[in-house]
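Colleague: I am still learning to read structures, and I would love a close look at one single part. Could you pick a strand and walk me through its surroundings?

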Amino acid sequence: MGKHELSSASSGERRTALITGASAGIGEAFARRLAALGYDLIISARRVERLEGLAAELRRDYGIAVSCTPADLSQLEEIQKLEAVIKETGNLELLINNAGFGISGHYVEQSIDRHQRMIDVHITATVRLTHAALRGMIARHRGFVINVSSIAAWVQVGAGPGYCASKVYLNSFSTNLDGAVRDQGVRIQALCPGYTYTEFHNSADYQGTERETLPKWVWMTAEEVVDESLRRLGSEKAIVIPGLKNRIAVFFLNSFISRLIMRIRPLIQGQQKNS
Ligand SMILES: NC(=O)c1ccc[n+]([C@@H]2O[C@H](COP(=O)([O-])OP(=O)(O)OC[C@H]3O[C@@H](n4cnc5c(N)ncnc54)[C@H](OP(=O)(O)O)[C@@H]3O)[C@@H](O)[C@H]2O)c1
């Protein structure tokens, strides 16, 4: 096995991946792919029946060990419960901090507790679970952490401010940490999907209309996102943007065109108000 490659099932050793937000969407797709690769799994989310159903299916289809640790990652005690599980898992090779949600509507109109919960699920849980995993991974000189971020990290206007800012945090955290641990046999990836077919846009927290209004070509499937993440694990850059269309979108979000739109937007809005 290369220093920064996923170990293969044929190596004979058991290895474990822990996935948060595995009851749906991208997390569930990670669970299925890693089960097929022969990983034992620890899966976490709030919806216990979903976790148990998935665990039973993956045990039956792939003969792997799957344990479920239900946790609400907006609650510190529940994050700490997962931290303890991580520290007890002597062969943890992969930690995937994936759990997350969006908040629709105007920032001010949503309760501050909801915004706080997002910070806790996206940032506090990721930072704490990663910290819990790293000591063991560094000692074994082997491991990967995937932090599921978003191309929303490059959006500067018109989207949820708390959501976008939390993903900026994850990108900076992952890039900096990757630089600090890559010589110790551990790599960190910030996975930045664009629009992906999951339950995200129809969840109780978000209730967006994107599924109905955006053209099909902007979307990727969760499986496509996961495949690109795993293929590019350990590659030179910590930030992985799956799909050419999403890389082009980030190029434009970074470009002078985006800055120009930001400059003229208040003028256009002013004209609309006056007309
Ligand atoms: N879909 C997209 O277009 C898109 C684009 C860019 C980035 N992302 C990111 O991808 C990640 C996964 O989202 P998804 O698209 O797969 O959405 P999803 O289908 O709605 O899945 C979200 C997962 O997060 C879990 N979760 C939500 N709140 C939680 C909490 N308080 N505690 C523990 N688990 C919680 C959910 O499980 P329970 O409800 O059972 O707890 C579920 O398993 C998120 O970080 C999201 O920001 C998504």
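Modeller: Happy to help; what follows is a walk along one strand and its neighbours. Please keep in mind that this is a predicted model. Our strand is E6, which spans residues 186-191. Start with how covered E6 is: six of its six residues are buried.

Now look at where the side chains go. In a regular strand, side chains alternate between the two faces of the sheet. You can follow that pattern here, since Val186, Ile188 and Ala190 point one way from E6, while Arg187, Gln189 and Leu191 point the other way. Both sets are buried, and that includes Arg187 and Gln189.

Next, let us meet the strands beside E6. One partner is strand E5, made of residues 143-148, which pairs with E6 in the parallel sense over six bridges. To find this pairing on your screen, look for Ile146, which stands opposite Gln189 in E6. How does the chain get from E5 to E6? The route passes through helix H5, residues 161-181, and this β-α-β crossover is right-handed.

E6 has another parallel partner, strand E9 (residues 239-240), and those two pair over two bridges. Here the landmark is Leu191, which sits opposite Val240 in E9. So, as you trace E6, you can use Gln189 to find E5 and Leu191 to find E9. With these landmarks, you can place E6 among its neighbours: it pairs in the parallel sense with E5 and also with E9.

Methods
Residues numbered from 1 in each chain as written. Predicted model: local features only at pLDDT ≥ 70, side-chain atom pairs only at ≥ 80, totals over all residues. Buried ≥ 20, exposed ≤ 12 C-beta atoms within 10 Å, placed from the backbone. Helix = DSSP H or I, 4+ residues; strand = E, 2+ residues; numbered from the N terminus. Pairing = 2+ DSSP bridges. Right-handed = clockwise from strand over helix to strand, strands pointing away.
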